[in-house]
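Please examine the structure shown below together with its sequence. The paragraphs that follow lead from one helix to its neighbour and then to a pocket.

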Amino acid sequence: MGNYKNFKSKVLTLLLLLFISVIAVLNLLAADRTFSDSENRMLQQVPHFSLKALLSGDFTADFEKYVSDQFVFRDFWIGAKTDTDRLMGKKESNGVYLGTDGYLIQEFIPPAEEDLKEKIDAIHAFDQVTPELQKYVMLVPTAAALYKDMLPKYATIGDQEAYLKKVQQLLHHDIRFIEVFPSLYAERDQPVFYKTDHHWTTKGAYAAYLELCKQMGLTPQKEKEFNIRQVTDEFYGSLFSKSGFRHVQPDRIELYLPKDQEEYTVTYDDEGRITDSLYAMEQLQEKDKYALFLNGNHALIQIKTANTNGRKLLVVKDSYANSLIPFLLKHFSEIHVVDLRYYEDDLISFVNEQGIQDMLLLYNANTFFEDPSIKYLAE
């Protein structure tokens, strides 16, 4: 009996060593990947070695990331780990909770007080030097605030609503805060957020558009004025990629296309490209299908419409704005779209040169509280 146990132990040890050896050889032979389709992100490449980087610890940290990112069959291991965690009752992975009804919900981390103050100060500094520009701020609550009841019981999520209220209270009274939580909550049984992605759906953007129209004195377009067209039902979004949760249903993406055709031109300044569509339909063949709205994020996009009222709008934004902007074409002659994460020119000079009258600052709560580029709004 003892000989059998020893033999079995040796066989298992040999198999383990063989497995490790095969994986090691495959890692050496496999070509490095630059992008992960399943995670929808760039992968770490071989870090540049220098004595300074080694002594500072940067080289070691980057090399660990490189080994992790380039590990052979990485996507399989991520899925296997997540499946194992689910069997053990764990419903959180990489900051994403698996909620009821297949919702993937990103955690909300409250901002540091000093960081929030710096952002409010930057908005006020910009307001002071552009007094003729009427400003509106729309901070969109994420699914973590809207679907609290769908989170696992043990989930610890910061009070996002309280921080949005705080921003509203801190802003000067001449800056109009567009509160969209009630409108989105009223429609929460509709698909106002994707289940596998952190963005709101076109339905959610439309609900916010109606609230924006109230505050800006615009007559909104009724839902019946659009042809609502489903363009895909195979959308696996950013939270699907980030979490590793694989056994969930894909989302569908819908477009609200006006029944009355609108004429406009869209100029992507960073590419020098001009088009007559707000939608990059070719993105439906890619992993990040949400990028069909305005072809993803760009430093500056300029839209000229057939509207002759002469009203010009500046939108300073994150990607949530990309699916709301199409609703605004009817109301403005020009819409200038700036993403501060990529924009490097003087925004104050741009506003004055273009003769812009209205500004909408539109971010989702997570991006607003996490993105440092907002601090440089007035620089």
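**From helix 6 to a pocket**

A145 is located in helix 6, where helices (H or I, at least four residues) and strands (E, at least two) are DSSP runs numbered from the N terminus. The model is a predicted one, in which local features need pLDDT of at least 70 and side-chain atom pairs count only at pLDDT 80 or more, while totals for chains, interfaces and linings use all residues. Residues are numbered from 1 along each chain as its sequence is written, and side-chain values use heavy atoms, with hydrogens and water left out.

With a relative accessible area of 5%, A145 is buried; the term means under 20% relative accessible area, with exposed over 50% and partly exposed in between (1.4 Å probe, protein chains only). Neighbours within four places in sequence aside, A145 is in contact with Q160, E161 and F181, contact being heavy atoms within 4.5 Å. A145 and Y185 lie 40 residues apart in sequence, and their C-alpha atoms are 9.4 Å apart in space.

Helix 7 (residues 160–170) has Q160, Y163, L164 and V167 as buried residues. These residues are on the same side of helix 7 because they cover an arc of only 100° around the axis, the arc being that of the directions from the helix axis to the C-beta atoms. The buried residues of helix 7 pack against helix 5 (113–129), strand 6 (134–140), helix 6 (143–146), strand 7 (176–177) and helix 12 (365–370).

The loop between helix 8 (181–186) and helix 9 holds T196. T196 is buried, its relative accessible area being 0%. Not counting residues up to four places away in sequence, T196 touches ten residues' worth of surroundings that include L104, F235, F240 and D251. The side chains of T196 and D251 are joined by a polar contact of 2.8 Å, that is, a pair of N or O atoms within 3.5 Å; within protein, one must be able to donate a hydrogen and the other to accept it, and residues adjacent in sequence count only if both atoms are side-chain atoms.

D251 also belongs to the lining of the second largest pocket, where Y103, P191, F193, K195 and D251 lie nearest the centre among 22 lining residues. A pocket is an open set of points on a 1 Å grid over the protein atoms alone, where a 1.4 Å probe fits, with protein on both sides within 12 Å along at least five of seven lines; lining residues have an atom within 4 Å of a point. Strand 9 gives the most to this lining, with four residues.
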